[in-house]
Amino acid sequence: VKKLSLEAMKDEYLTSEVSWLGNYFSKDLSQKKVTGIYIKKYSLDIGWGAYAKNSLEEGRFLGEYTGHLRRKFWLFSRANDYCFSYPTSSYFFRQYTIDALLGGNETRFINHSDVPNCEAIPVFHDGLLKIVFRTVCHIEKDEHLTIDYGERYWNSRRKNTL
């Protein structure tokens with residue numbers, strides 16, 4: 001994966017902003033922890049959700065999306081609701097996914113909203129591409145943290161919007 005991450009940067013598959021963000025969030029990424037989030041039950045249909053422990057300013061680092069890194073397979077994707085595509089290549093046969101179904105950190109509980117208050121972005125740090133979450137607006141204490149999962153996610157699922 002490290003080799004593919006370096007190739008993706010060299011081939012300009014990802015923008016220079018990805019490197020800049022990796023440097024910007026370097027201290028947070030090095031600490032390897034999620035900050036400012038707690039988990040609680042949202043509802044019976046949606047399940048668990050991530051919430052702000054305190055007020056969070058716009059652009060605040062929340063944490064890296066973690067889980068089991070595995071190769072995507074063309075014929076049998078093994079995708080589940082906790083899979084996040086890992087942006088190493090535009091070639092399908094060289095793609096990976098971060099699967100947080102059986103483990104990961106608090107970021108795996110960030111739910112979908114059509115009007116999200118957070119975003120998932122790729123960053124380049126310590127020779128690897130990583131997916132991190134940051135806020136896109138001011139968030140009040142105890143507010144539900146959300147991202148837009150994108151249309152591709154909803155192609156084979158029933159959409160529950162918050």
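Buried, for a residue, means under 20% relative accessible area. R134, with a relative accessible area of 18%, is therefore buried. That cut-off comes back again and again in what follows, which walks through a predicted model from its overall layout down to single residues.

Starting with the layout, the protein chain has four helices and 10 strands. Going along the sequence, the order reads α-α-α-β-β-β-β-β-β-β-β-β-β-α. The chain has 162 residues, and 41% of them count as buried. Contacts reach a long way along the sequence, too: among those between residues at least 6 apart, 69% join residues at least 24 apart.

The strands β1 (residues 37-43) and β2 make a handy place to begin. These two run antiparallel and are joined by six bridges, with a hairpin of three residues taking the chain from β1 to β2. Within this pairing, I39 has A50 of β2 as its bridge partner. As for cover, β2 is mostly tucked away, since five of its six residues are buried and buried means under 20% relative accessible area.

Next comes the nonpolar interior. The largest nonpolar core has 23 residues, and the members that touch the most others are I37, L62, I110 and L145. At least two residues of this core come from each of β2 (47-52), β6, β8 and β9. Of the strands, β9 gives the most, with three residues. I110 shows what such a crowded spot looks like: leaving out residues up to four places away in sequence, I110 touches I37, A50, F133, L145, T146, I147 and Y149. There is also a second, separate core of seven residues, and L21, I121, V123 and V132 are among them.

One of the residues that I110 touches, F133, deserves a closer look. F133 sits in strand β9 and has a relative accessibility of 1%, so it counts as buried. Its list of contacts, setting aside neighbours within four places in sequence, runs to R60, F61, L62, G63, Y65, F84, T107, I110, E119, A120 and I147. From C-alpha to C-alpha, F133 and I110 are 9.2 Å apart in space, while 23 residues separate them in sequence.

Charged side chains come next, and the structure holds two salt bridges. In one of them, the side chains of R70 and D99 meet at 3.2 Å, N to O. This pair ties together distant parts of the chain, with R70 in strand β4 (residues 68-71) and D99 in strand β6 (residues 96-99), 29 residues apart. R70 counts as buried because its relative accessibility is 7%, and D99 counts as buried because its relative accessibility is 13%.

The side chains of E119 and R134 also meet in a salt bridge, at 2.5 Å, N to O. Here E119 lies in strand β8 (residues 118-125) and R134 in strand β9 (residues 128-135), so the pair, 15 residues apart, links distant parts of the chain as strands are defined here. E119 is partly exposed, with a relative accessible area of 26%, whereas R134 is buried at 18%.

K130, also a residue of strand β9, makes an odd contrast. This lysine is buried yet has no salt bridge, and the nearest side chain of opposite charge, that of E64, is 4.2 Å away. A salt bridge needs the nitrogen within 4 Å of a carboxyl oxygen, so the pair falls outside the cut-off. K130 does have a polar contact, 3.4 Å in length, between its side chain and that of H125. Apart from residues up to four places away in sequence, K130 touches L29, E64, Y86, I121, P122, V123 and H125.

Finally, two loop residues stand out for their backbone angles. K32 has a phi near 50°, a positive value in a residue other than glycine, and is found in the loop between α3 (26-31) and β1. Its relative accessibility is 68%, so K32 counts as exposed. D126 likewise has a positive phi, near 55°, and is a residue other than glycine. D126 belongs to the loop between β8 and β9, and is exposed, with a relative accessible area of 57%.

How values were computed
Residues are numbered from 1 along each chain as its sequence is written. This is a predicted model: local features need pLDDT of at least 70, side-chain atom pairs count only at pLDDT 80 or more; totals for chains, interfaces and linings use all residues. Side-chain values use heavy atoms; hydrogens and water are left out. Buried means under 20% relative accessible area, exposed over 50%, partly exposed in between (1.4 Å probe, protein chains only). Lys and Arg count as positive and Asp and Glu as negative; His and the chain ends are not counted. A polar contact is a pair of N or O atoms within 3.5 Å; within protein, one must be able to donate a hydrogen and the other to accept it, and residues adjacent in sequence count only if both atoms are side-chain atoms. Contact means heavy atoms within 4.5 Å. A nonpolar core is a set of buried Ala, Val, Leu, Ile, Met, Phe, Trp, Tyr and Cys residues joined through side-chain atoms within 4.5 Å. Two strands pair if DSSP finds at least two bridges between them.
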